[in-house]
Amino acid sequence: MIKLIASDIDGTLVEEGSGELPGELFAIIEKLYDHGILFAAASGRQYRGLRKLFLPVADKIIFISENGSNVVYRNEELYASVIDKKIVKEMQTYVKRFPNCYLTMSTTGAMHSTGGYDENYRRLMVESYHNDMVFAEDEDSDLLKVIKISVYHEEGIREFAEEMTYKWQDRLNVAVAGIPWIDFMNPGTDKGTALKFLQQYFGITPQETLAFGDNHNDIGMIQAAGESCAVETARTAVKDAAKYIVGSYRDKGVILALEELLGRLEAGKRRKEHNMAEFGKECIQVFLDNQLQLFDEKVAETPEEAEEFLEDNMAVVLDNIGEVRQYLDESGMDACELSEDELKAAAEVFELPEGKYLVVLA
């Protein structure tokens, strides 16, 4: 069962630099929260800007900001990765070589940036990204705790990305983060590292994690999740890393995928409610006698323990093998290609009298 969902924002949920989210997303997040599923907004954007963007649900989600350099949950900073001050100073000098490029230095508070004289850039950073900004051309970075450095070039960063990557890749983690952006973080710092931290922090496995992304800076996150989706407009490397492809933000691909997940959860809930009274004596005894087909050791010794286990794990009783196939397929087990004998032999399936089946998803 999915317990943690992490999604990139720009290029995945919305157009690059958008100041608004799809309206239905907030209701989806609320429903996921009610099902006990955590949602993490994973972005290269600043935490404060992300919080404003997700304000209606800000106290119910996790923020992975600055491409994994900062993790915040319910206003508590769980993780921050600060870059060495000498490297920051060197980067300030280095970027001046590149025409029409602006340098940003992200802290856990405000974002500090050159380029304040450019009104279009100013609007992008303040009005679209909702960042708390400090604009200065030659700021004393010794006074800052910088967790991410970024370089912006309006016409596209790729003409400079190869040279910048070659220069810094031995000292910093470098990631192109959208058409105009390239990001620099501490080695080992990315969205994937942040997601692994959250998995450990909340006791959630990769198999219980779902991630969505579109760009190279999402690959670590995609790889850290047992279930992963790239949008159809994603970079080829991201598609190659992901298990599934969903529609682009224009087609609300992530929204539709989350709605489908919620549909399965609601169906499972209804089945559980329907089947609560159906764990009769014969059903419970079949599970007690055959539980080792699914588990390495017994999970129940008595009928009472077995009934409690089945209820806690949302086990279901289904009327026929066709319903078993449908249920397993909806649960992500790709059962559509299995024969009836293979379905009956599945460790999760317990054959009951009168042609019914108990299904237990461990």
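Good morning. I shall begin with one residue, Ser248, which lies in the loop between strand E14 (244-246) and helix H9 (253-275). The model on display is a predicted one. Is Ser248 buried or exposed? Its relative accessible area is 4%, and because the cut-off for a buried residue is under 20%, Ser248 counts as buried. Which residues does Ser248 touch, if we leave out those up to four places away in sequence? They are Val231, Glu232, Thr233 and Gly253.

I turn now to a second loop residue, Gly109. This glycine is placed between strand E6 (102-106) and strand E7 (111-113). Gly109 is buried as well, with a relative accessible area of 15%. Setting aside neighbours within four places in sequence, Gly109 has contacts with Gln46 and Arg48. We may also consider Val146, which is 37 residues away from Gly109 along the chain. The C-alpha atoms of Gly109 and Val146 are separated by 9.7 Å.

Next, I should like to discuss a pair of helices. Helix H3 covers residues 85-95, and helix H5 covers residues 158-168. The axes of H3 and H5 come within 13 Å and cross at roughly 150°. How are the two helices oriented to each other? Angles over 145 degrees count as roughly antiparallel, and therefore H3 and H5 are described as roughly antiparallel to each other. Their crossing is right-handed. On the side of H3, the contact is made by Ile87, Glu90, Met91 and Tyr94. On the side of H5, Glu163, Met164, Lys167 and Trp168 take part. Sorted by class, this contact of H3 with H5 has five nonpolar and three charged residues, and no polar ones.

Let us finally view the protein chain as a whole. How many helices and strands does the chain have? There are 13 helices and 17 strands. The C-alpha trace spans about 80 × 35 × 35 Å along its principal axes. The chain has 362 residues, and 52% of them count as buried; Ser248 and Gly109 are among the buried residues. The accessible surface of the chain comes to about 17000 Å², and carbon and sulfur atoms account for 47% of that surface.

One further value concerns contacts along the sequence. If we take contacts between residues at least 6 apart in sequence, 58% of these join residues at least 24 apart.

Thank you for your attention.

Methods
Residues numbered from 1 in each chain as written. Predicted model: local features only at pLDDT ≥ 70, side-chain atom pairs only at ≥ 80, totals over all residues. Heavy atoms only, no water. Axes fitted to C-alpha atoms, helices over the stretch in contact; angles between N-to-C directions. Helix = DSSP H or I, 4+ residues; strand = E, 2+ residues; numbered from the N terminus. Parallel < 35°, antiparallel > 145°, perpendicular 65-115°, else oblique. Left-handed = near helix turned anticlockwise from the far one by under 90°. Contact = heavy atoms within 4.5 Å. Nonpolar A, V, L, I, M, F, W, Y, C, P; charged D, E, K, R; others polar. Buried < 20%, exposed > 50% of the residue type's maximum accessible area, 1.4 Å probe, protein only. Areas by Shrake-Rupley, 256 points an atom, 1.4 Å probe, with all protein chains shown as cover.
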